[in-house]
Structures are given as C-alpha cells and as structure tokens.
Amino acid sequence: MRPLVLVLLVAACGESQTVVNQGVPLPDFLMLDCNRDLSEAGARLRISGHAAACPLSIDRDQQTVSGECAQISAGVERKVVLEYYVLIDGELLVLAQQSGSVDLTETQLDRQTVTIAPALATRRCLGSLHPAEINFSLCDNDGDGMENLVEYCHETREPLIAE
Amino acid sequence: MVILAAILWAAPAADVNPPRVGHEPPKAADRQGNWRLWFEVRDESQIFGAALYFATDPGAWQTIEPEQVAPGWLEAVVPATAGLRYFFEVFDEHGNGPTRVGSSEVPFVLQAPAGELSAVRPWDAPKVIVAEPVIRPWWLKRPPAKLVYAALGTVALSGVIYGSYNLLRDRPVSKVTLIPVGKDSQP
C-alpha cells in the first residue's frame, strides 16, 4: 500500500500535464461586443499541400471549433492554419488565424489529431503555409493598415474600403 | 532351273580374293641377333602355303614357313645379316594367290641392323593411356544436393518470413483524417 501512495504522490508532484481536448477552444474575440454580427463567423482549416480548405463547425454552446478533414495525404509534415472568417458581399474576410502542425511522415493511424496553438494572429496572417509566408493583405483586405477584425467590429469603418 | 537357283542360293559365297599382305622391313635385330620379319595377312578364308624366301648375298634361296604369332600375323626369324634378301608369298585355302611382298626379281634387301628391336609387337593391343583425372576447382564443382536444398529452403523460408512481416507489420498510411484540437496546459 505504501509504494502505491508513493507513486501517486510522485505523479501528483510532476510537471504540468498536457490535456488534449476534443475540438479547439473558441477564441475570446468571438465573444466580444462587435458592431457587426460575429455569430455569422465561420471556421475553416487550411492545410499545406492542399488547395481546398476544410470547413469546421463552431459550437458556441460548447465554446469549441470542431470537425474533421479527410483524405489528407500523409508522408510529410503538414502545417495547418485555423481561420475564422466572415462573408461580406460574397467576399471572404479572414478575421484571425491560429496555426499548428502535425508530422505525418511515419504515421500509422488513419485518424490523426493536429494541435492548434492558442496564439491568435489578426494582422500577421499566413498566406502560404509551406514555406510559411506572411501576407498582410490576407487579414487586411483593403490594405489600409487596419486589420479586418478591427474594421469589421468598428462602428464606422468598412473592411473592404480603404479609408 | 528352280533347283539350280536354290542350290546357288544355299551355297556359301565363294572366296575369290587372294590374301592381302602388309609388311614393313625391319631396321633393328633382336637381342639374339635375328631379324624378326612380320607379315600381316588378311583373308576371308584360312591362309595356306605361307612361305618366306630368303637368301644371303651370295647364296641360293631358302624357304622357311613363318609361324602364326597372333591372329592375322605371321613371323619369320632369320639371322640378322646385312644384305639379306627376302620375299614372302601366301595363298588362301581356296587357292587364291599367291600374294607376294617382294619377289625373287625384286626382293627386300636389309642393311646392317641398327639398334635393338623394341619389345613392342605390332599386334599388341595399343596401350591404353589413362588420362589423369581433371581436378576441378571447388567453385566449379556442383555443390551437394543437400547443400543446395538447404540453401533453397533457407531462401524460401526467409522470403516467407519477410513477406509475413511485411503483411503483418504496421505500415504508414497514405491518407489520414485530421482532427484539429486545442492544447490546454493544466498545472
């Protein structure tokens, strides 16, 4: 009995544990007050080497973004970007990005999780994923120096019109 | 007519050919100081009346009957003197002949003997020379069947094991489904 207690004690005093949740926690900005409707925002996953983005669903009750992206070619490391966006006048407006990566070089599982880092980018957004290349116009469609998210939620500014 | 044909058919074929004689004059005498004259005589029938006529110079012709020393071979032994003249004749039992080698007019004439006659006789069976067995290097020899079967078995077993391993081992997949998740750190 005593050794078991010792083991439990050692385990409890160890380093912080990494807990993998189902889905990606919803970023805080989607809960902020906004002059426009952020509930219309969508989420999608862009994966390096794949042209088409994979749509994800936002569950506001569970505060998560979740989904699955099938038919991803393995054999290399894949960079991914989780993008939050809205559509204005049929034009896609990227509000923010979160990035992550997964090594599929020797994967033997046909279902693989990819960890999305909590860091949120609203200005220095990635255009090309591999090689990684920042494209300022991606998160600032009109190129006026103010990112889409700020302009979208601003009372008077238009994110598609440079002012 | 039919009876005559039957008799002719039943009668043995008549030998009408004279004996054939081969002869090579000697150059050496034997140890006893004699010429040994050998005659190879071939005929389909028994030979008859073989005779060697020889004469020393000067002298009258003498006759001796050669002895058969081997099937088809006759030998006559005469003192080895230089200038010996001789010829040989023979018939077969049907009277075919005579076949002569040399003649009284043109006989063989022997010079003084040179050297000693070899012990080898022309009617002796040729000496069989046994060739040395060819020693093949080991890399050209066929390996033992047991070794070949063992090697083949080993290769086959290795192939089965390798194939089974490849069938059963976990291999990387070519397509995956990505599931994005967040990472939360808890103390």
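This is a short talk about a predicted model of two protein chains, A and B.

Okay, let's start with the parts list. Chain A comes to 2 helices and 11 strands. If you walk from the N terminus, you meet a helix, then the strands, and then a helix again, in the pattern α-β-β-β-β-β-β-β-β-β-β-β-α. Chain B has 2 helices and 10 strands, and its pattern along the sequence is α-β-β-β-β-β-β-β-β-β-α-β. So much for the inventory.

How buried are these chains? In chain A, buried residues make up 28% of the 163 residues. In chain B, the share is 16% of 187 residues. There's also the matter of who touches whom along the sequence. Take contacts between residues at least 6 apart: in chain B, 64% of them join residues at least 24 apart. For chain A, with a separation of 6 or more, residues 24 or more positions apart account for 50% of the contacts.

Now let's zoom in on chain A. Strand β7, residues 77-88 of chain A, has partners I'd like to show you. One of them is β3(A), residues 42-47, which pairs with β7(A) in the antiparallel sense over 6 bridges. To find that pairing on screen, look for A:A43, which sits opposite A:Y84 of β7(A). Another partner is β8(A), residues 91-103, again antiparallel, over 12 bridges. There, A:V81 faces A:S99 in β8(A). The hairpin made by β7(A) and β8(A) has 2 residues between the strands, and A:D89 takes a positive phi near 50 degrees.

Here's a residue to click on: A:R46, in strand β3 of chain A. Is this arginine buried or exposed? A:R46 has 21 C-beta neighbours inside 10 Å, and the cut-off for buried is 20 or more, so A:R46 counts as buried. Leaving out neighbours within four places in sequence, its contacts are A:A53, A:V80, A:V81, A:E83 and A:L129. A:L129 is 83 residues away from A:R46 along the chain, yet their C-alpha atoms are separated by 8.4 Å.

Next up, the nonpolar cores. The largest has 33 residues, and those with the most contacts inside it are A:L45, A:I47, A:V80, A:L82, A:L95 and B:L178. Notice the B in that list. Elements that each supply at least two residues of this core include β3, β7 and β8 of chain A, along with β10 of chain B, residues 175-186. There's a second, separate core of 19 residues, with B:V21, B:V41, B:L52 and B:F54 among them. Back in the largest core, what does A:L95 touch, once residues up to four places away in sequence are set aside? The answer is A:A41, A:Y84, A:Y85, A:V86, A:T122, A:N148, A:L149 and A:Y152.

On to the contact between the chains. On the B side, 18 residues are in contact with 37 residues of chain A. Those residues on the chain B side divide into 8 nonpolar, 5 polar and 5 charged.

Staying with chain B, let's look at a sheet. It's an open sheet of 4 strands, antiparallel, in the order β1-β2-β6-β5. β1(B), residues 20-23, and β5(B), residues 67-70, stand at the edges with a single partner strand each, so one side of each is left without a neighbour in the sheet. From one strand to the next, the twist averages 35 degrees.

Inside that sheet, β1(B) and β2(B) pair in the antiparallel sense over 4 bridges, with B:G22 opposite B:E40. β2(B), residues 34-42, also pairs with β6(B), residues 73-79, antiparallel and over 7 bridges. Across that pairing, B:L37 stands opposite B:A76, and B:F39 stands opposite B:L74. The two faces of β2(B) are worth a look: B:W35, B:L37, B:F39 and B:V41 are on the covered one, while B:N34, B:R36, B:W38, B:E40 and B:R42 are on the uncovered one.

Last stop, helix α2 of chain B, residues 145-168. At 1.5 Å a residue, its 24 residues should span 34 Å, and the end C-alpha atoms are indeed 34 Å apart, which agrees. Where does the helix lie? The number of buried residues in α2(B) is 0, so the helix lies largely in the open.

That's my tour.

Note on methods
Residues are numbered from 1 along each chain as its sequence is written. Chains are lettered from A and ligands numbered from 1 in the order in which they are written. This is a predicted model: local features need pLDDT of at least 70, side-chain atom pairs count only at pLDDT 80 or more; totals for chains, interfaces and linings use all residues. The expected span of a helix is 1.5 Å times one less than its number of residues. A residue is buried if 20 or more other C-beta atoms lie within 10 Å of its own, exposed if 12 or fewer, and partly exposed in between; C-beta atoms are placed from the backbone. Two residues are in contact if their C-beta atoms, placed from the backbone, lie within 7 Å. Ala, Val, Leu, Ile, Met, Phe, Trp, Tyr, Cys and Pro count as nonpolar, Asp, Glu, Lys and Arg as charged, and the others, Gly among them, as polar. Two strands pair if DSSP finds at least two bridges between them. Axes are lines fitted to C-alpha atoms, for helices over the stretch in contact, and angles run from 0 to 180 degrees between N-to-C directions. A nonpolar core is a set of buried Ala, Val, Leu, Ile, Met, Phe, Trp, Tyr and Cys residues joined through C-beta atoms within 7 Å.
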